[in-house]
Amino acid sequence: MLMNPVARTMRPEDIRRLLLDLVAIPSVSPHADNERAVVRYLRDRLAFLPCFQEHPEDLMLLPVEGDQLGRELLFALVRAPVTTADTVIMTGHIDVVDVRVCGPLAPLAFDAVAYTDAIGTMQMPASARRDLESGQWLFGRGVADMKCGVAVATTVLEDLARNPAQLQSNVAVLFVPDEENSSLGMLGAVRLLARLQDEGLRYLAIINTEPSIGIGDSMEDLASVYTGSAGKINPFFYCVGREAHLGEYYEGFNAAVLTTWLNLLLEGDPALADRAGGEALTPSARFPITATSPAPSCQASCWTTSAVWLCWPSAGP
Ligand SMILES: [Zn+2]
């Protein structure tokens, strides 16, 4: 995560401190206690604001509907001084992916300062090493994706809550769990947003504070802003064949043939990508194949495959 954008905001040191605190909570999804710990930490922090002491009903820590793990989402609404339905929402997820990819540094992954100090000993692409040596970047699990966005949104909301005179619309933050897993947090939040809309809020914009992926070296190139969003569908294919010993190959039908055929048909074909506004969205791509058989050992090298699950995520407008 590049720190310069933080420096352009109102309270860079506060944002950095909050970011380090959020990263220190290992909210690897799904982990009910730790994901709850992040939203409760943010709720407790926002509860100090005078507007939420006056109107505690505008600071909502709510169970995620349909989540058997009992996780929670946070919605905090700062109202404009002149009553209005207009509302801008800043949103983000508070969970992260696991740290296996961090290898021997995994025990440090939730301490962003220590991780940044240590990571120079590891192999990394030249561009990443340039970033590290510039001293302008912070490394660690969840720093970029996306506790920095959560920290910025929280701090912006706090500043607006303390100086609401210029506010012409309401401003809210919405923080959800489980984005890196099954998106139960945002799916549950949709019902909340619909209810609040029925009760009178009008949404002008929703700003997702996820990191952006820019192309280029300069700050301007890297600081991309996306308008709109791309959805995703995950079609699953269950390819069933009939396993056979290689000595009797034609007694069976190798399910791997089906998956290969599907790969050739679907993988990366731009004609299958959705299009919007003259642009093609991400083409379909295959998730790793999981063979249901055979088991390792002799069977793996002597028997054809009986069945295979496949999944192709595809973007949609
Ligand atoms: Zn993310």
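Begin by selecting aspartate 33, which counts as exposed because 11 C-beta neighbours lie inside 10 Å of this residue, and a residue with 12 or fewer is classed as exposed. Please note that the model on the screen is predicted.

Keep aspartate 33 selected and add glycine 70. These two residues are 37 apart along the chain, yet a separation of 9.0 Å is computed between their C-alpha atoms.

Next, extend the selection from aspartate 33 to helix α3, residues 32-46, in which aspartate 33 lies. Which strands does helix α3 lie across? The helix lies across β1, β2 (residues 72-78) and β4, and runs at about 20 degrees to β2.

Now display the sheet to which these strands belong. The sheet is open and has 5 strands, in the order β1-β2-β4-β3-β5, with mixed pairing. At its edges, select β1 (59-63) and β5 (202-208), each of which pairs on one side only. From one strand to the next, the twist averages 20 degrees.

Within the sheet, select β3 (residues 86-93) together with β4 (residues 170-176). How many bridges join strand β3 to strand β4? There are 7 bridges, and the two strands run parallel. Highlight threonine 91 as well: this residue stands opposite leucine 174 in β4.

Finally, return to a view of the whole chain. The chain contains 11 helices and 12 strands. Of its 317 residues, 26% are buried. Consider also the contacts between residues at least 6 apart in sequence: 69% of these contacts join residues at least 24 apart.

How values were computed: Residues are numbered from 1 along each chain as its sequence is written. This is a predicted model: local features need pLDDT of at least 70, side-chain atom pairs count only at pLDDT 80 or more; totals for chains, interfaces and linings use all residues. Helices (H or I, at least four residues) and strands (E, at least two) are DSSP runs, numbered from the N terminus. A residue is buried if 20 or more other C-beta atoms lie within 10 Å of its own, exposed if 12 or fewer, and partly exposed in between; C-beta atoms are placed from the backbone. Two residues are in contact if their C-beta atoms, placed from the backbone, lie within 7 Å. Two strands pair if DSSP finds at least two bridges between them. Axes are lines fitted to C-alpha atoms, for helices over the stretch in contact, and angles run from 0 to 180 degrees between N-to-C directions.
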